[in-house]
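Student: Could you walk me through a model that I have just opened? I would like to begin with the open spaces and then move around from there.

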Amino acid sequence: MVMDIFERSQAARTSILNKLKQQVEGADYSKLPAEKGFCYPQLPVADMLENFVEHLQANHAQVISVSAENVYQVAINQLRERGIEKLLCGKGSVLAEPLQATLDSAPEQTLKLSIYDSHLADCKQEMFYDMPASISSSRWLIAETGTLVLWPSASEPRTLSLIPPVHIVVAYASTLHANFATLIHNNQWQAQMPTNVLLISGPSKTADIQQTLAFGAHGPKELIVLLVNDLI
Amino acid sequence: MTVKIQEPEQSESKYAETARAFRQNVKKDLANAELRENFHGAMNYLMAKRAASFPSDDELETLRNQCKLIKQRALLKLPYLLEKLESNLQANGIHVHWAETITDANEIIAQVITSKNGKHIVKGKSMVSEETALNDYLHARDMEILESDMGEYIVQLAHEHPSHIIMPAIHQNKKQVADLFDKHIDGFDYTTDVDALIGEGRRILRDKFCHADVGITGVNFAVAETGTLCLVENEGNGQMSSAVPNVHIALTGIEKVVELLEDVPPLLSLLTRSATGQAITTYFNMITKPRQSDEKDGPEEVHLVLLDNGRSQAFADEELRQTLQCIRCGACMNHCPVYTRIGGHAYGTVYPGPIGKIISPHMLGLEATKDLPTASSLCGACGEVCPVKIPIPKILQRLRTESVKVHSGSPDELKGAGSNRKPMEATIWKIWSFIHKHQGMYRFSMWVATRLRGLLPSKLGVWTQVRSAPQLAPKTLHERIQARQPRG
Ligand code: SF4
């Protein structure tokens, strides 16, 4: 009898697991040596924030300190400087309404807000060839590595941060964590993993040709971080 | 109508043949000055970057110990973690497949693609897919599969395979890449400017991402606790491959599973720093579910293919099991004096360098790879930099022993064990060991050897091609010490 490949997969499963179990069945886990992590010095928040910014900048992200009130205006100005006239924002994103309101309050603005409201499959062409910039929010920040943690959702799909060549992220200093380990631990990610989590630490890059760094390999060429210091 | 003739399935990986040709490969590549220059420059660069990213020895050592123990714990629980990973992935809506051989893994992937009427496939970097020679397999079935990591794309254009597990096109310089683009890309405006070259790759690959039906990637860590697949990358092609097409297939070896989500941060930190000296890569992508009904992007179907391909053989021996701790950072090759000189292709295997020497025998058998463990000066650099503390030099010695021992035919024996055993050599060693175990015999034979020293030929095969022949002393050390007058 010829097995189809998916039946064979089941047979392979049994065979692999049996082989492995034969070796480690009944192993005494209490004998496992204690694992000790490195104790990183606890830094004051201001220093952590400084590290966060330095790392991001070293990875060629542009970090702009903004106040909570002028986030949207700064975003608009950044795009104007680049001659960009269209900005993609998620449908239902917390950024959408205030952005639109800011645009409406100054009718001379030429920027058009585009809302991500259809399936990627239905707007791929536009996304790849006619979407110069996007904006999204970050959920947490990591000081040690200068990392933005994005928690994509229906209102902020993951490709927002991937396909358009310029990506703006709004970040709040109050969401800063010392490192990835404490972030996972303190917020018990284990119990709430979403479809996809993204850690972003700069614009897309590659050093695949003769170790020469080039930006915008496949993802955004520019990453602009609007950092709101809401700690003070 | 063209009829495609299906090639007979290979029962053996195509890399077995190229690994057997190790000695010829080395001769050829050592004579290539440009290649040596490319590797030399790249390895110096990567070693300096790694060193700079570990300013504190204390931190480095603590992390290495911690990560070694994390991986050893995962291995001790491996079958149970695989079961847990599977049930959590399935609960999350991700399909799980198992394959013992490379052909089965390829077949599973081909079937999944066919079931979705897929034709155009983009692939993020995956060394396991190199292991299975997936591209050849799908090409033979009339599917277009395009590498999307810039380095892999270059290597695919050149009809080569990666020469380094992290930087696949490290053997090429920008002039060579420009020549390659010139030959293969219509309308390419000749330039050796790296930004422009990457821009060209971006333009072509974006179009492919936009139209691909299926994306294939590897996996860096598979978290059993949550059923999460983690991808480490800088370019964004892994995300493009896993988020844009309607189907995402991830292919990985069974050893990539870790127990807890909290095991990931230290491993990630050591991986990126050991590999490229980065505190973290541009992207770290954690995939736990396919697209949910209210979401607008991401694949509707996600599949994970778990491949054995000899890993369970390494698992069956406690010493060799440590090979499976590897997180594929490439640091061992970056610091290997042999790799730096002969380059990545000479090994003839998918995984080159020190890790290649210790993992390939399980994938291809010791017969095809018997020269690899011997191609080392046992300088120890690989073991010293390995972030998960695999004792690579010890394992090399062990594999040397395995390759020359008497072939017993027992099922526990490594595939190809004893294939490097030479009767003459074995007899000489037996006599040598007998002599050294018997005092009288030893004295006598040394006495004879020193007295007959004049008979030693001045030409000793390869040894004297570049060295002068060793000379025996006229008297043994024992004799000379006995002859010395006790002082005072
Ligand atoms: S053996 Fe160690 S150094 Fe070599 S690739 Fe694996 S983890 Fe890195």
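Student: What volume does the second largest pocket have?

Tutor: In this predicted model, the second largest pocket has a volume of about 720 Å³. Its lining is made up of 31 residues, and those that lie nearest its centre are Gly310(B), Ser312(B), Gln313(B), His362(B) and Lys415(B).

Student: Which elements give two or more residues to that lining?

Tutor: From chain A there is helix H1 (5-24), and from chain B there are helix H14 (311-315), helix H18 (353-364) and helix H21 (392-404). By class, the lining of the second largest pocket divides into eight nonpolar, 12 polar and 11 charged residues.

Student: And the closed spaces, how many cavities of 30 Å³ or more are there?

Tutor: The structure holds four of them, and the largest cavity contains about 100 Å³ of space. Of the 14 residues that line the largest cavity, Cys336(B), Ser376(B), Cys379(B), Cys382(B) and Leu396(B) lie nearest its centre. The elements of chain B that give two or more residues to this lining are helix H17 (337-342), H18, helix H20 (381-385) and H21. The lining of the largest cavity has 10 nonpolar residues, three polar and one charged.

Student: What about the second largest cavity, which residues are closest to its centre?

Tutor: The second largest cavity, with about 80 Å³ of space, is lined by 13 residues, and the closest to its centre are Cys326(B), Cys329(B), Cys332(B), Cys386(B) and Pro387(B). Its lining consists of 11 nonpolar, one polar and one charged residues.

Student: With those cysteines in mind, how many disulfides are there over all chains?

Tutor: The count comes to zero, taking a disulfide as a pair of cysteine sulfur atoms within 2.5 Å. Cys67(B), for instance, is in no disulfide, and the nearest cysteine sulfur, that of Cys386(B), is 10 Å away. Cys67(B) is also buried, with a relative accessible area of 0%.

Student: Why is Cys210(B) not bonded to Cys123(A)?

Tutor: The closest cysteine sulfur to that of Cys210(B) is indeed in Cys123(A), but because the two are 9.9 Å apart, they are too far for a bond. Cys210(B) counts as buried as well, at 3% relative accessibility.

Student: Back to H21 of chain B for a moment, is Pro393(B) buried or exposed?

Tutor: Pro393(B), which lies in helix H21 of chain B, has a relative accessible area of 19% and is buried, because the cut-off is under 20%. Leaving aside neighbours within four places in sequence, Pro393(B) is in contact with Leu378(B), Gly380(B), Cys382(B) and Gly383(B).

Student: Changing topic to chain A, why is strand S9 described as largely enclosed?

Tutor: Five of the five residues of strand S9 (residues 196-200) of chain A are buried, so the strand is largely enclosed by the rest of the structure. Asn196(A), Leu198(A) and Ile200(A) point one way from S9(A), whereas Val197(A) and Leu199(A) point the other way.

Student: Which strands does S9(A) pair with?

Tutor: Within chain A, strand S6 (residues 147-150) pairs with S9(A) in the antiparallel sense over three bridges, and Leu148(A) stands opposite Ile200(A) there. Five bridges also join S9(A) to strand S9 (residues 283-287) of chain B, again antiparallel, with Phe284(B) as the bridge partner of Leu199(A).

Definitions and conventions. Residues numbered from 1 in each chain as written. Chains lettered and ligands numbered in written order. Predicted model: local features only at pLDDT ≥ 70, side-chain atom pairs only at ≥ 80, totals over all residues. Heavy atoms only, no water. 1 Å grid on protein atoms, 1.4 Å probe; cavity = no way out; pocket = protein on both sides within 12 Å on 5 of 7 lines; lining within 4 Å. Points joined across faces, edges and corners; volume = space filled by probe spheres on them. Helix = DSSP H or I, 4+ residues; strand = E, 2+ residues; numbered from the N terminus. Nonpolar A, V, L, I, M, F, W, Y, C, P; charged D, E, K, R; others polar. Buried < 20%, exposed > 50% of the residue type's maximum accessible area, 1.4 Å probe, protein only. Contact = heavy atoms within 4.5 Å. Pairing = 2+ DSSP bridges.
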